[in-house]
Structures are given as structure tokens and as C-alpha cells.
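Hi everyone, thanks for coming. I'd like to walk you through one structure today, so have a look at the screen and we'll go from there.

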Amino acid sequence: MFEVTNSRWATHRDPLAVWNRSEEGPASGIPSNFVEILGPVSLDELEELKHCYASMIIQLDRLRPRLPEANALARVTEGAWSICEILGHMIDTDREIWWPRITAILQQVHPLFSYIDHKDFVCKKNWRAYPLEEVFAQIMRIRWSFAMKLQGIPTADFEKTGEHPTLGNISILRILQILVAHDAYYLETIRTMIERKPDMSIAS
């Protein structure tokens, strides 16, 4: 399961369960009931959320030796995302979707966000075609960079907001909460893929 150090977060803000209970999968975009399921968030949870966001690369690095086999199996499974596509989606979620919005909130007064098709990024960028080692290096580098940027944001600024087309009024703190839940879902997805046994009918 997703590693957390704060028992209250684990009990009352279960990030994995949030994605599983939402009306759509995370790659389909944010469903309208998402914030209600995720629950309230306060600045008291900020440091724990920062820690969870940064620790994703540590957890992913632990899985690294088993990623090539899981990636190869997914590539021959019809309709399934490969490990490369999952990691690419996580990169896009940070770099193309949420961090530009965080930057806009910091630079503007309550900016209005446009709708973004999360799946469209995966298709257009063709993450499946990239070498796994290259995608892995990208996500490690990009997440570390953004985790460091989080540390430079004044605490009071985490309450600044923008307008999301589905979620409405959304703060930087809420965005961070969403990203942690998103990480939890996909780390668990990767672990499930790693444990999956090859279908011999496909292998033959």
C-alpha cells in the first residue's frame, strides 16, 4: 500500500480508496464528485502532503528492478497501459496539467483553468514507444524538481485559489492533495502489474 507516516491521513484521507470510489478512473480526468470523496484538507496536513509527494520517487525506485518485466507483459496485453505509459501519464499530470495551474495561481488572482484531456496526452506523446529507462529517469528528475519547488512556496500561498472547470474553486493545497492521491493509485497499479502472472496463451 501507499506509504504514509501520519496515521490520521492514512485513516481518514485514504488516497487509494478515493480513486477507487470515484466515478471515473484517474486517467479520465477529475470526476465531479472527487473533492467530496477526498474530503477536507487543512494547512495542518501540509508537511505530511509534501512528504508524501516527495517520497513517490523513493517508492518507485524500490520497484525499479521489476519494472522491465511488467512493462513487457503490459505491452502485449490488449487495452492495457504499459509501465512507460503510466509513468508518462504521471509526468504529464505534474508537468503539463497541475504545475502550470499552480504557477498560474501564484502569479494571478484566481485564474480560470481550461479543461484538459488526460488520456489525450498519453496518446499524443506515445509514451509506449519510449525506452523504459528514459521515462523512469524523466519522472525521477521531474518529481524531484517539483518537490523542491513546493518547499519554496510560502505556507500562506497554499490557500490561494484558481477556478477548475469541474471542481470549481481549488487551492494549491487541494491540488497537492489530489496529486498525492493520484500517486497512490498509480503506485498500487504498478505493484499489481508487477505481481501479475503472464497469460501463457499470450506468451505462446
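Let's start with a pair of side chains: R143 and D94 meet in a salt bridge, 2.8 Å from N to O. The two sit in distant parts of the chain, with R143 in helix α8 and D94 in helix α6, 49 residues apart. Before I go on, keep in mind that this is a predicted model.

So, is R143 buried or exposed? R143 counts as buried, because its relative accessibility is 2% and the cut-off for buried is under 20%. D94 is buried too, with a relative accessible area of 2%.

R143 also has a salt bridge with D183, where the closest N and O atoms are 2.6 Å apart. Since D183 lies in helix α9 and R143 in helix α8, this pair ties together parts that are 40 residues apart in sequence. D183 is another buried one, at 1% relative accessibility. If you're wondering about the general idea, side chains of opposite charge can pair when their charged atoms come close.

Now zoom out to α8 itself. This helix runs over residues 132-151, which is 20 residues, and reaches 29 Å from its first C-alpha to its last, close to the 28 Å expected. Its buried residues include L132, F136, I139, R143 and L150. Which helices do the buried residues of α8 pack against? They pack against α4, α5, α6 and α9.

Let's stay with α9 for a moment, residues 172-195, because H182 lies there and is buried, with a relative accessible area of 4%. H182 and T93 are 89 residues apart in sequence, yet 8.9 Å apart in space, C-alpha to C-alpha.

You can play the same game with L38, which is found in helix α3 and is buried at 1% relative accessibility. Its C-alpha is 8.1 Å from that of I178, and those two are 140 residues apart along the chain.

Back to charges. K50 and E47 form a salt bridge at 3.5 Å, N to O. Both are in helix α4, 3 residues apart, about one turn of the helix. In an α-helix there are 3.6 residues a turn, so residues three or four places apart point the same way. There's a network as well: D92, R95, E96 and K125 are linked by salt bridges. Overall, the count comes to 11 salt bridges.

And disulfides? The structure holds 0. Look at two residues here: C52 is buried, at 0% relative accessible area, while C123 is exposed, at 61%.

Note on methods: Residues numbered from 1 in each chain as written. Predicted model: local features only at pLDDT ≥ 70, side-chain atom pairs only at ≥ 80, totals over all residues. Heavy atoms only, no water. Disulfide = S-S within 2.5 Å. Buried < 20%, exposed > 50% of the residue type's maximum accessible area, 1.4 Å probe, protein only. Helix = DSSP H or I, 4+ residues; strand = E, 2+ residues; numbered from the N terminus. Expected span 1.5 Å × (residues − 1). Contact = heavy atoms within 4.5 Å. Salt bridge = Lys/Arg side-chain N within 4 Å of Asp/Glu carboxyl O.
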